[in-house]
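Subject: A structure for you to explore

Hi there,

Here is the structure I promised to pass on to you. Have a look at it first, and then read my notes below with the viewer open.

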Amino acid sequence: MEKTQTKLNLKVMDFNGKTIKSFHKEITITSNTSAINQNIDYLNFIKKKKLKKVFIVAELSDLQNNIFDESLFFFEAPKNLKLKKPKITIKISKGLNDHFNIEVSSKTLAKNIRLQTVIEGHFSTNYFDLVPLKKKIIYFKPTQKTSVENLKKSIKLTSLYNTYNN
């Protein structure tokens with residue numbers, strides 16, 4: 001079994017992107033296994049009434065800090081989260097091989113983002129959470145030729161906040 005040296009980075013953040021607590025630990029990952037590498041007693045530094053306003057970002061990176069996996073963990077069910085209206089920015093540019101790069105960012109947590117367009121094609125990912133102040137690149141491959149302008153006009157974005165706060 002192959003062993004790999006990695007870094008585990010955990011951050012407890014509020015929905016504005018402020019880090020409340022962070023942990024960093026070098027760990028060895030063995031292929032085709034699973035193990036608990038960090039237990040957190042979060043109630044020691046988060047008041048129970050604030051659990052609806054915070055989340056954990058868990059990142060695995062190589063020793064040069066290149067992130068290769070990220071997961072978000074919430075303390076409450078999505079319907080109970082005290083989400084703020086996200087200010088989501090989208091930038092679209094032409095990529096390689098008729099693909100388009102869609103850069104998405106937000107100043108606050110954007111939960112369950114969904115991208116839609118009338119242009120037929122495939123998004124590299126969809127229905128995702130966006131960490132505050134962090135950019136995410138989505139790739140779109142249309143089934144027919146189109147332009148950046150057409151994609152910009154037709155793309156629609158919704159988040160969990162939009163579904164219950166209209």
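**What I found**

Let's begin with Ser71, which sits in strand E4. Please keep in mind throughout that this is a predicted model. With a relative accessible area of 28%, Ser71 is partly exposed, because buried would need a value under 20% and exposed one over 50%. Leaving aside neighbours within four places in sequence, Ser71 is in contact with Ile56, Val57 and Ala58. If you want a distance to try in your viewer, take Ser71 and Lys107: they are 36 residues apart in sequence, and their C-alpha atoms are 19 Å apart in space.

**The largest pocket**

How much space lies in the largest pocket? The answer is about 320 Å³. It is lined by 16 residues, and those closest to its centre are Leu8, Leu10, Ala58, Leu60 and Phe73. The elements that give two or more residues to this lining are E1, E3 and strand E4, which covers 67-74. You have already met Ala58 as one of the contacts of Ser71.

**Lys7 and Ser61**

Now find Lys7, in strand E1 (residues 3-14). Which side chain of opposite charge is nearest to Lys7? That is Glu26, 5.5 Å away. Lys7 is buried and has no salt bridge. A salt bridge needs a side-chain nitrogen of Lys or Arg within 4 Å of a carboxyl oxygen of Asp or Glu. The side chain of Lys7 does have a polar contact of 3.0 Å, with the side chain of Asn65. Beyond its neighbours within four places in sequence, Lys7 is in contact with several residues, including Lys25, Glu26, Leu60 and Ser61.

That last contact takes us to Ser61, in strand E3 (residues 54-61). Is Ser61 buried or exposed? Ser61 counts as buried because its relative accessibility is 0%. Its side chain makes a polar contact of 3.5 Å with the side chain of Asn9. Not counting residues up to four places away in sequence, Ser61 touches Thr6, Lys7, Asn9, Asn66, Ile67 and Phe68.

**Salt bridges**

Side chains of opposite charge can pair when their charged atoms come close. How many salt bridges does the structure hold? There are 6, and here are some to look up.

One of them joins Glu70 and Lys134, with the closest N and O atoms 2.5 Å apart. Glu70 lies in strand E4, while Lys134 is in the loop between strand E9 (128-130) and strand E10 (136-142), so this pair ties together parts that are 64 residues apart in sequence. Both partners are partly exposed: Glu70 has a relative accessibility of 32%, and Lys134 has a relative accessible area of 28%.

Another salt bridge pairs Asp98 with Lys94, and here the closest N and O atoms are 3.7 Å apart. Asp98 is partly exposed at 38% relative accessible area, and Lys94 also counts as partly exposed, at 45%.

Then there is the salt bridge between Glu103 and Lys135, whose closest N and O atoms are 3.9 Å apart. This pair links distant parts of the chain, 32 residues apart: Glu103 is in strand E6 (residues 100-106) and Lys135 is in the loop between E9 and E10. Glu103 is buried, with a relative accessible area of 19%, whereas Lys135 is exposed, with 56%. The value for Glu103 counts as buried because the cut-off is under 20%. There is also a network to look for: salt bridges that share partners join Glu59, Glu70 and Lys134.

**A last stop at Phe128**

Finally, go to strand E9 and pick out Phe128. At 7% relative accessibility, Phe128 counts as buried. Setting aside residues up to four places away in sequence, Phe128 touches Ala110, Lys111, Asn112, Ile113, Leu115, Lys136 and Ile138. For another distance to try, Phe128 and Ala35 are 93 residues apart in sequence and 26 Å apart in space, from C-alpha to C-alpha.

Enjoy looking around, and write back whenever you like!

Best wishes

Methods:
Residues are numbered from 1 along each chain as its sequence is written. This is a predicted model: local features need pLDDT of at least 70, side-chain atom pairs count only at pLDDT 80 or more; totals for chains, interfaces and linings use all residues. Side-chain values use heavy atoms; hydrogens and water are left out. Helices (H or I, at least four residues) and strands (E, at least two) are DSSP runs, numbered from the N terminus. Buried means under 20% relative accessible area, exposed over 50%, partly exposed in between (1.4 Å probe, protein chains only). Lys and Arg count as positive and Asp and Glu as negative; His and the chain ends are not counted. A polar contact is a pair of N or O atoms within 3.5 Å; within protein, one must be able to donate a hydrogen and the other to accept it, and residues adjacent in sequence count only if both atoms are side-chain atoms. Contact means heavy atoms within 4.5 Å. On a 1 Å grid over the protein atoms alone, a cavity is a set of points where a 1.4 Å probe fits but cannot get out, and a pocket is an open set with protein on both sides within 12 Å along at least five of seven lines; lining residues have an atom within 4 Å of a point. Grid points are joined across faces, edges and corners, and a volume is the space filled by probe spheres set on the points.
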